[in-house]
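Biologist: Please take one part of the surface of this model and look at it closely, then follow the connections from there into the interior. I would like a single connected account rather than a list of separate remarks.

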Amino acid sequence: MIVTALFLFALPSFAYAAANLAADDFVGISFWIISMALMASTVFFLWETQGVSAKWKTSLVVSALVTFIAAVHYFYMRDVWVATQTTPTVYRYIDWLLTVPLLMIEFYLILRAIGVASPGIFWRLLLGTLVMLIPGYMAEAGYINVTVGFVIGMLGWFYILYEIFFGAAGKAAETVTSEAVKFAYNAMRWVVTVGWAIYPIGYVLGYMTGTADQESLNIIYNLADFVNKIAFGLLIWYAATSESQPMSVKQS
């Protein structure tokens, strides 16, 4: 049922993109690859909820929601690019406005699963994502100055980094005793630090200095989404499956 539903979402753009995708259109190819990878990841994360303890199921479902929402948007972004050879800015930001808050919520969920999270972590991370994303879209869409949008968005990102490294979330993570959860949390926050740095770099090169063409930017953004959504979810899966193993198996 899941595969069928995903295929139906893909169907409107599937036929056009399949028939018109040129062999040398590497941007279109990158859109195609990540849309299929996101769809497969959704099925994987939902299937894996069967093998984890109850407290981890929500985290894996949220990971599946992230990849599912992104897959649907990538189906349309892929078609926009193949049809017009222009950057699908609106679709990309709608995707980010939905998926990035969910990714941030994962920090709260992974800490909640081991009993060290407070509700304030949830709301602060959610606020940080909105401050980061909304000005960026308004600037790219021409509603506000690109530099103003960039500065406000960077402040939102820095606020998120502070929270997950040094704020309440970071301090809660210091009390974690599980090696699997500790590894996953540390890797997740470095994804947010290093992986997310690609987006402001692309913003500066594409919209503030004009030194990067849209083909390069779209390929870079697509690869970044691949890492920042799928790899992020795999880190959650690693922590969930590791913590759900019977104690006898862990000790052996």
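Modeller: In this predicted model, the element that gives the most to the nonpolar surface patch is helix 5, with 3 residues. The patch itself has an area of about 430 Å² and is made by Leu97, Leu130, Ile134, Met138 and Tyr143. Methionine 138 is a useful residue to examine here, since its position is in helix 5, and its relative accessibility of 31% makes it partly exposed, because buried would require a value under 20% and exposed one over 50%. As background for the patch, the accessible surface of the whole protein comes to about 11600 Å², and carbon and sulfur atoms account for 72% of that area.

Helix 5 also has a place in the interior. Together with helix 3 (54–84), helix 4, helix 6, helix 7 (168–173), helix 8, helix 9 and helix 10, helix 5 is among the elements that each supply at least two residues of the largest nonpolar core. That core has 52 residues, and those touching the most other members are Phe107, Ile110, Leu111, Val192 and Trp196. The largest contribution to this core comes from helix 4, with 13 residues. Leucine 111 shows what such a position looks like in detail: with neighbours within four places in sequence left aside, leucine 111 is in contact with Val116, Ala117, Ile121, Ala169, Ala172, Ala173, Val176 and Tyr185. Apart from this core there is another one, of 13 residues, among them Phe31, Met39, Ala70 and Met77. In soluble globular proteins, nonpolar side chains tend to be buried together.

Helix 5 appears once more as part of the cover over helix 9. Helix 9 spans residues 198–208, and its buried residues are Tyr199, Pro200, Gly202 and Tyr203. Viewed down the axis of helix 9, these buried residues fall within an arc of 155°, so they line one face of the helix. What covers them includes helix 5 (119–140) along with helix 4 (89–113), helix 6 (146–165), helix 8 (179–195) and helix 10 (214–244). After helix 9 comes glycine 210, which has a positive phi, near 65°.

Two of the helices in that cover, helix 4 and helix 10, are also joined by charged side chains. Arginine 92 and aspartate 225 form a salt bridge, at 3.5 Å from N to O. Because arginine 92 lies in helix 4 and aspartate 225 in helix 10, the pair ties together parts that are 133 residues apart in sequence. Both of these residues are buried. A further salt bridge, at 3.7 Å from N to O, is made by the side chains of aspartate 95 and lysine 229, and this pair too links distant parts of the chain, with aspartate 95 in helix 4 and lysine 229 in helix 10, 134 residues apart. Aspartate 95 has a relative accessibility of 0% and lysine 229 a relative accessible area of 3%, so both count as buried.

Within helix 10, aspartate 225 and lysine 229 form a salt bridge with each other, and their closest N and O atoms are 3.2 Å apart. These two residues are 4 places apart in helix 10, about one turn of the helix. Aspartate 225 has a relative accessible area of 0%, and is therefore buried. Through shared partners, the salt bridges join Arg92, Asp95, Asp225 and Lys229 into one network. The total for the model is 4 salt bridges.

The loop that precedes helix 4 also deserves a remark. Glutamine 85 is located in this loop, between helix 3 and helix 4, and has a positive phi of about 55° although it is not a glycine. With 37% relative accessibility, glutamine 85 counts as partly exposed.

To set these details in the whole, the protein has 11 helices and 0 strands, and 48% of its 252 residues count as buried. Among contacts with a separation of 6 or more, 77% are between residues 24 or more positions apart.

Note on methods: Residues numbered from 1 in each chain as written. Predicted model: local features only at pLDDT ≥ 70, side-chain atom pairs only at ≥ 80, totals over all residues. Heavy atoms only, no water. Buried < 20%, exposed > 50% of the residue type's maximum accessible area, 1.4 Å probe, protein only. Arc of directions from axis to C-beta. Contact = heavy atoms within 4.5 Å. Patch = residues over 30% accessible without salt bridge, like charges linked within 9 Å, V, L, I, M, F, W, Y side chains within 5 Å. Areas by Shrake-Rupley, 256 points an atom, 1.4 Å probe, with all protein chains shown as cover. Core = buried A, V, L, I, M, F, W, Y, C linked by side-chain atoms within 4.5 Å.
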